[in-house]
Amino acid sequence: MAYLFERAVKTTVDVLVQKYGGTSLQTLDCVRHAALRVAEARRSGVSVAVVVSARGGRTDDLLQLAADVGAASPSRELDQLLAVGECESAALMALTLNGLGVPAISLTGHQAGIQTTDRHGDALISRIGAGRVRAALEGGNVAVVTGFQGVDHAGDIVTLGRGGSDTSAVALAARLRAVACDIFTDVDGVFSADPRILPAARCLPWVQPGVMAEMAFAGARVLHTRCIELAAMEGVEVRVRNVASQAPGTTIVDRPDDRPLETRKAVVAVTHDTDVARVLVHCRDIRRDLAPEVFEVLAKQGTVVDLVARSGPYENEFRMGFTIRRSQADSVRTALHNVAAAFGGGVHLDENVGKVSVVGMGLLSRPEYTARLMSALAAAGIPTSWISTSQMRLSVIVPREFTVDAVETLHRAFHLDRHEPHEPMDVTSTASGRSAAI
């Protein structure tokens with residue numbers, strides 16, 4: 001990924017990259033409103049490159065069409081179909097901008113020079129040429145680029161998977177050495193918890209990239225972890241903003257703080273994730289270590305693993321537990337069963353769980369935080385099972401029906417409803433009317 005930044009060439013004027021998500025483009029009125037924001041930025045004197053997602057619900061409609069004809073797994077033809085959604089959005093945005101008197105040109109991922117690996121449905125960006133994007137900007141145009149897609153070495157359209165448009169925007173911002181990458185959505189920024197379930201959640205004025213990546217991995221829905229990891233590697237400043245307001249939003253950037261870590265609030269947010277399945281693999285043949293085969297199965301399917309624990313060499317049977325995304329359980333269930341059954345073992349999947357995480361900095365340096373987490377949940381009568389700790393995240397598995405209660409309990413236990421002394425009061429927003437947050 002360093003290639004994107006090292007070979008980047010700055011244009012003669014400042015470049016701003018703006019990304020508009022599906023809910024920001026859902027109707028033609030939404031498209032026009034987004035175009036007005038683009039035009040406003042263009043009038044401020046910067047060149048603007050826009051990355052767009054498919055309009056709200058469009059990808060789901062296309063997936064349903066594919067399902068109706070019997071397509072279930074990622075493939076070349078499915079990617080060809082799904083790419084239509086972003087192409088529609090880009091063309092509509094460019095047409096609307098031209099109608100407002102703002103010269104604009106739409107570009108597909110291929111035309112924008114976005115090259116990817118060849119894994120259909122979940123490709124990685126390998127490089128961005130961006131020659132046509134830069135030429136469009138230097139010619140006075142707004143470049144409207146399709147997110148979520150690129151082309152592989154064979155020239156086939158490949159999609160980037162969940163959060164792909166955010167990743168497209170950050171990668172393009174890195175290649176153009178943009179002053180910032182604004183991610184426009186339907187929320188005011190990144191919150192200390194999901195405001196849909198916790199009205200006391202605060203909108204955070206800024207978050208460090210490492211912390212934001214942990215929040216995204218642990219269930220935050222505003223940004224995808226791949227997008228933030230790329231931003232951190234490439235030095236891109238990301239700002240999460242509400243398309244419907246002028247609020248400053250949340251800036252994802254390394255920012256110095258005058259106060260030492262010991263006097264700074266270490267916990268930033270509480271996140272939750274109900275797309276979780278708990279997996280137990282066991283085998284009575286204590287001489288057989290199934291871990292390599294198990295992880296090979298998971299790797300081949302691109303299955304993300306968390307909270308891993310296994311038995312030691314002196315126990316009377318092999319046991320290993322971990323969590324995966326519940327949405328990926330069906331894709332690996334049979335393969336895991338085959339691995340275990342070959343040695344007289346078995347696999348148990350529990351899909352009725354949720355993961356709740358406390359995210360921040362220096363958490364292991366404060367062992368009292370783990371004690372506070374467990375004590376608060378116990379006092380609230382919330383059952384817990386597995387727990388994982390690191391310097392940036394404390395995660396615990398709870399029954400799914402207790403997930404919301406656990407978020408509320410931990411948000412209160414770590415005083416996240418209180419402002420830091422340095423935070424301006426106007427960055428806090430209520431949750432009413434928002435359809436998504438972390």
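The exchange below concerns salt bridges in a predicted model.

The model is predicted, so local features need pLDDT of at least 70 and side-chain atom pairs count only at pLDDT 80 or more, while totals for chains, interfaces and linings use all residues. Residues are numbered from 1 along each chain as its sequence is written, and side-chain values use heavy atoms, with hydrogens and water left out.

Colleague: How many salt bridges does a search of the whole structure find?

Modeller: A salt bridge here is a side-chain nitrogen of Lys or Arg within 4 Å of a carboxyl oxygen of Asp or Glu. Searched over the whole structure, the number of salt bridges is 19.

Colleague: With which residue does R239 form a salt bridge, and is that partner buried or exposed?

Modeller: Helices (H or I, at least four residues) and strands (E, at least two) are DSSP runs, numbered from the N terminus. The closest N and O atoms of R239 and D182 are 2.5 Å apart, and because R239 lies in strand β11 (residues 238-242) and D182 in strand β9 (residues 180-185), the pair ties together parts that are 57 residues apart in sequence. Buried means under 20% relative accessible area, exposed over 50% and partly exposed in between (1.4 Å probe, protein chains only). At 1% relative accessibility, the partner, D182, counts as buried.

Colleague: Which residues do salt bridges that share partners join into one network?

Modeller: R393 forms a salt bridge with E214, their closest N and O atoms being 2.9 Å apart, and this pair links strand β20 (residues 393-399) to helix α7 (residues 209-217), 179 residues apart. Through shared partners, salt bridges join into one network E214, D306, K355 and R393.
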